[in-house]
Every structure is written in structure tokens, then in C-alpha cells.
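Open the model in your viewer and keep the sequence panel visible. Each stop below names something to select and says what is there.

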Amino acid sequence: MQDTSLNTRLDPGPGSTLEMKHLPQALIDMQYKAVYEQLSAEFQQSVSEQEIKKLSQSFFQPNDVFSLQAEYSLNGLIEYVWTDSQENKGVSAVLDEDNTIWGLQIVNLTAHPESDDTFTKQEYSLPFKEEWFTYWGGRNVLLNYHYAYESQRYAYDFFIAKENRTFAAEADAANGSYYAFGQEVIAPADGVVVQVVNDVADNKPGTADETQPAGNYIIIDHDGEYSILAHFMEGSILVKQGQQVKRGETIGLCGNSGNSSEPHIHFQVSDQPSLEQGKSLRIQFKDGVDPIKGQFLQGEP
């Protein structure tokens with residue numbers, strides 16, 4: 001199926017009045033002018049009202065029904081994600097606090113039911129102790145960008161957010177200003193450590209090291225399933241290759257190493273001890289937890 005998308009992130013402009021929770025219905029109802037007038041001035045320079053009309057007419061059908069899958073406010077931006085009743089189509093919008101649209105995606109969604117419905121044999125806990133925020137998680141590319149890649153399809157990225165922000169300082173914040181930086185990461189289940197990297201420097205927030213995607217990371221063998229936890233703080237990992245770990249044991253501290261632009265935990269389970277070569281497995285979480293983008297989750301006490 002052909003992917004049809006508008007994906008633009010630009011500086012916010014003046015606000016307008018369209019009710020964002022009903023954005024897909026507004027496009028179905030051909031309210032193209034109202035949507036266009038809510039775009040930021042910069043966004044309007046990159047796309048015309050006629051282009052929005054043309055895209056919408058090729059994408060939406062009069063009987064389409066969209067439901068809201070995620071809604072959250074973070075670092076001064078608000079994001080909404082909708083899917084249709086068949087989960088074949090998706091829409092997401094990012095706007096500022098003045099209700100001005102500065103990001104919009106309209107996409108056909110591809111599902112992978114053969115792996116979506118197959119869970120890990122082992123049961124896993126969340127890899128943290130306190131309350132964390134699910135930034136990427138779910139079974140479509142709008143909820144979880146990892147979903148497009150078989151090796152990371154069911155991966156999660158977790159942040160800490162307080163009062164709708166992930167950091168305490170304003171622009172140019174150092175890693176220490178981020179609430180997640182230096183927080184404990186725990187083993188998600190009993191197992192044996194099979195790989196450790198602990199000497200990658202943490203990035204300055206807003207930059208990333210794509211040459212070492214996982215940064216500092218740990219891979220743990222859980223009887224043939226392998227948890228992969230990435231982006232640890234340099235030098236903070238407390239376990240070694242060959243060491244046995246217990247569920248809930250502190251294994252290191254959250255950092256900002258590798259392909260990471262701010263401190264967070266990347267967590268997935270794969271069928272091989274490799275981030276690149278293994279297939280990501282849908283995780284069977286303890287207590288039936290199913291993390292979705294925008295959710296706050298309480299970790300192990």
C-alpha cells in the first residue's frame with residue numbers, strides 16, 4: 001500500500017480555533033480551509049491549501065471513523081494520534097500551546113499480525129523503579145517509530161516527565177537537567193549478562209552519535225530471549241559479561257549515549273543477542289502492562 005504523508009516540523013506560528021480532537025473528521029468533512037488556516041505561517045509556506053485538499057481526497061472516505069489513540073503534552077508541544085476503525089489509516093498532529101499546527105502526518109499503516117499476536121515466552125518487568133513516560137510504544141509507526149523495523153519493532157523508549165517537561169532548565173540544558181539522567185535502570189527479569197558496552201561518551205542534548213546507535217548497553221540472556229537496554233550513562237553499568245542478574249536488580253544508570261538526543265531508556269527483547277541482527281519480540285509484561293505512547297507507567301517498587 002502506498003504511503004501518503006505530510007510530515008513537517010516547523011517553528012510555531014499564531015494560533016487558530018479548530019478543535020484538534022476532531023481534526024480527521026474536519027478533513028473528512030472537507031474543512032480544508034479551516035485546517036490550512038491553523039497551520040503555522042512557516043508550514044503554510046511549504047504546503048498549499050490545494051495540496052491538503054488533494055491529499056485528503058485521496059486518503060479519506062466519507063464513512064471513515066477515526067478514534068484517538070494517544071494525546072499528551074510534553075516540552076511545550078501537544079501531540080495527538082488517531083487511527084481508523086480498521087487500523088489501516090493514521091493521522092497525527094503536533095501543535096503548540098496556542099493551538100497552532102506545526103507537524104502533521106497522514107499515513108497508510110502497515111500491520112504485522114504474525115508477530116503482533118506472538119508474545120515472549122518469558123514475562124518481563126518494566127526496567128525502572130519510579131514513574132516513567134512512554135514516548136515511543138505501540139503497534140503502528142505513529143505510536144512507535146521503531147515499528148517500521150523488524151529488528152526493533154516492539155522496542156520502547158521511556159523518559160521521565162514532570163509537569164509536562166522532561167528537563168528542568170530551559171534551552172541548552174545539560175544532561176543533568178533532564179529528569180531521567182542518572183536514574184536507576186533495573187533488570188527486567190532473571191538472566192545472564194552476555195554483552196556490555198560501558199565506555200561511550202554521553203551526548204550533549206540535541207545531538208546524537210549515529211555511529212554507535214546503542215551507546216552504552218547491556219544484553220541479558222533470559223533462556224534464549226535477549227533483553228536489550230541501551231543509552232546508559234558512560235561508566236555507570238554495574239554488571240559484567242557472564243554475571244547472573246535478578247529481576248529488579250540495578251544494572252546501571254540512564255544516560256544519553258549513542259543515537260540519543262536526550263536521556264532515556266531504550267528497551268526491547270529480541271530472539272538473538274544483537275540489536276541489528278535479531279528480530280524484536282512483543283514483550284509479555286508482568287501484570288498485563290501494555291505500554292502505549294503517551295502513557296505514564298509505574299515501575300517496580
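The tour goes from the whole chain to one sheet and then to the start of the sequence.

**Whole chain.** This is a predicted model. Select everything: the chain contains five helices and 16 strands. Along its principal axes, the C-alpha trace spans about 60 × 45 × 35 Å. A compact globule of 301 residues would have a radius of gyration near 19 Å, and the chain, with 20 Å, agrees with that. Buried residues account for 51% of the 301 residues. Of the contacts with a separation of 6 or more, 67% link residues 24 or more positions apart.

**The sheet.** Select residues 66-74 and 101-108, which are strands S1 and S4. They are the edge strands of an open sheet of four strands, and each pairs on one side only. The order across the sheet is S1-S2-S3-S4, with antiparallel pairing. From one strand to the next, the twist averages 10 degrees.

**Inside the sheet.** Now select residues 77-84 (S2) and 89-96 (S3). How many bridges join S2 to S3? There are seven, and the two strands run antiparallel. Pick glutamate 79 to find valine 94 of S3 opposite.

**The helix across it.** Add residues 49-59, helix H4. Helix H4 lies across S1, S3 and S4, and runs at about 30 degrees to S4.

**The start of the chain.** Last, colour by pLDDT, which has a mean of 92 over the chain. Select residues 1-16, where pLDDT stays under 50. The model has 49 contacts beyond four places in sequence for residues 1-16. Where pLDDT is low, predicted coordinates should not be read in detail.

Definitions and conventions. Residues are numbered from 1 along each chain as its sequence is written. This is a predicted model: local features need pLDDT of at least 70, side-chain atom pairs count only at pLDDT 80 or more; totals for chains, interfaces and linings use all residues. Side-chain values use heavy atoms; hydrogens and water are left out. Two strands pair if DSSP finds at least two bridges between them. Axes are lines fitted to C-alpha atoms, for helices over the stretch in contact, and angles run from 0 to 180 degrees between N-to-C directions. Contact means heavy atoms within 4.5 Å. pLDDT is the predictor's confidence in each residue, from 0 to 100. The radius of gyration is taken over C-alpha atoms; the globule rule is 2.2 Å times the number of residues to the power 0.38. Buried means under 20% relative accessible area, exposed over 50%, partly exposed in between (1.4 Å probe, protein chains only).
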